[in-house]
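Student: I have a new model on screen and I'd like to learn how to read its features one by one. Can we go through it together?

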Amino acid sequence: MNKSQPAPAQGTVGNRRILLVEDEQTIAGVVRDYLVQAGFQVDLAADGFTALRLAAERHPDLILLDRMLPGLDGVEVCRRLRRTMSVPVIMLTALGTEDDRILGLEVGADDYITKPFSPRELVLRVRSVLRRSVQEFSPEPAVEVAGFELNPAARTVTHHGTPLALTIREFDLLAFLLRRPHQVFSREELIKAVWGWDFGDLSTVTVHVRRLREKIEADPTRPALLKTVWGVGYRLDTPDGADGANS
Ligand code: CA
């Protein structure tokens, strides 16, 4: 036992289940061993249809999803998962163009990691995503602003009373901005504050902003809430002045 780590409590790594979807046996074996060694329970799927079945049956806490799979590829698997599940998804993707890399994010993945990766790096990324999906130790207070009601303990958010189906990172991004209305944040600041990365692909932020707009804006092409500040970044406005903080 590593004494510097807190003891596994309910909902922490001790009983966390990961679905690893990877058709290359060598990679699957190495990654699975690292995850098991790190204390996770691991289910393996070698193709897309098995992945969807195991996701429904085993209710994993996180899915590691290879992009290139026989049958249904990872992008299609992610798209189908997102119809019913908000489970965190990290895509495993080969180095390619930026479009290739962010395609997974477009269909609802929370993060991606490019091959070749070190298994250790992967475990760190998994822990980072899971930490953000379970904030059991210090739930922050609820927020009501601009028609949104945010409940961090339950990780739910409603907009004018309608529940929003958000992925982990969409929730984190919206929560961050709802706590700081009218402030402008650069993509660098957001990737550090919301994703916890010191560096990273800034298009990750762009894609999440786009996805969030599709869920919260009346007209996502002309956002009234999540505004782009050209050349600077993004800002959450409260057009109806619902928070009384309009200047
Ligand atoms: Ca593959």
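Student: Let me start with a single residue: is His182 buried, partly exposed or exposed?

Tutor: Keep in mind that this is a predicted model. Buried means under 20% relative accessible area and exposed means over 50%, with partly exposed in between. His182 has a relative accessible area of 25%, so it is partly exposed. You'll find His182 in the loop between helix 6 (168-178) and strand 10 (184-185).

Student: What is the phi of His182?

Tutor: Most residues other than glycine have a negative phi. His182 goes the other way, with a positive phi near 70 degrees. His160, not a glycine either, also has a positive phi, about 50 degrees. His160 sits in the loop between strand 8 (156-159) and strand 9 (162-163), and at 57% relative accessibility it counts as exposed.

Student: And backbone omega: which residues does a cis peptide bond join?

Tutor: Most peptide bonds are trans. Here, look at Lys115 and Pro116: the bond between them is cis, with omega at about -5 degrees. Pro116 belongs to the loop between strand 5 and helix 5.

Student: Now the metal. Which protein atoms are the donors of the calcium ion?

Tutor: For calcium, you look for N, O and S atoms within 3.2 Å, and since water is not among the atoms, a site may look incomplete. In this model the protein donors are Asp23 (OD), Glu24 (OE), Asp66 (OD) and Met68 (O), at 2.0 to 3.1 Å from the ion. Along the chain their spacing reads D-E-x41-D-x1-M. Glu24 and Met68 link distant parts of the chain, 44 residues apart: Glu24 is in the loop between strand 1 (17-21) and helix 1 (25-37), and Met68 is in the loop between strand 3 (62-66) and helix 3 (74-84).

Student: How exposed are Glu24 and Met68?

Tutor: Glu24 is partly exposed, at 40% relative accessible area, while Met68 counts as exposed at 58%.

Student: On to empty space. What is the volume of the second largest pocket, and which residues are the closest to its centre?

Tutor: The general idea is to roll a probe the size of a water molecule over the atoms and see where empty space is left. The second largest pocket comes out at about 560 Å³. It is lined by 19 residues, and the closest to its centre are Glu121, Arg125, Trp197, Phe199 and Gly200. Strand 5 (111-115) and helix 5 (119-133) are the elements that give two or more residues to the lining, and helix 5 has the largest share, with seven. By class, the lining has seven nonpolar, four polar and eight charged residues.

Student: Why does the second largest pocket lie between domain 1 and domain 2?

Tutor: Because domain 1 (11-133) and domain 2 (143-246) both contribute residues to its lining.

Student: One last residue: where is Arg211 found, and is it buried or exposed?

Tutor: Arg211 is in helix 8 (residues 203-216), and its relative accessibility of 6% makes it buried. Leaving out residues up to four places away in sequence, Arg211 touches Leu105, Glu106, Gly108, Ala109, Thr167 and Glu170. Try the C-alpha to C-alpha distance to Val107 as well: Arg211 and Val107 are 104 residues apart in sequence and 8.8 Å apart in space.

Student: How many helices and strands does the protein chain have?

Tutor: Eight helices and twelve strands. Of the chain's 247 residues, 48% count as buried.

Methods. Residues numbered from 1 in each chain as written. Predicted model: local features only at pLDDT ≥ 70, side-chain atom pairs only at ≥ 80, totals over all residues. Heavy atoms only, no water. Donors = N, O, S within 2.8 Å, 3.2 Å for Na, K, Ca; no water. Helix = DSSP H or I, 4+ residues; strand = E, 2+ residues; numbered from the N terminus. Buried < 20%, exposed > 50% of the residue type's maximum accessible area, 1.4 Å probe, protein only. 1 Å grid on protein atoms, 1.4 Å probe; cavity = no way out; pocket = protein on both sides within 12 Å on 5 of 7 lines; lining within 4 Å. Points joined across faces, edges and corners; volume = space filled by probe spheres on them. Nonpolar A, V, L, I, M, F, W, Y, C, P; charged D, E, K, R; others polar. Domains from an automatic or database assignment. Contact = heavy atoms within 4.5 Å.
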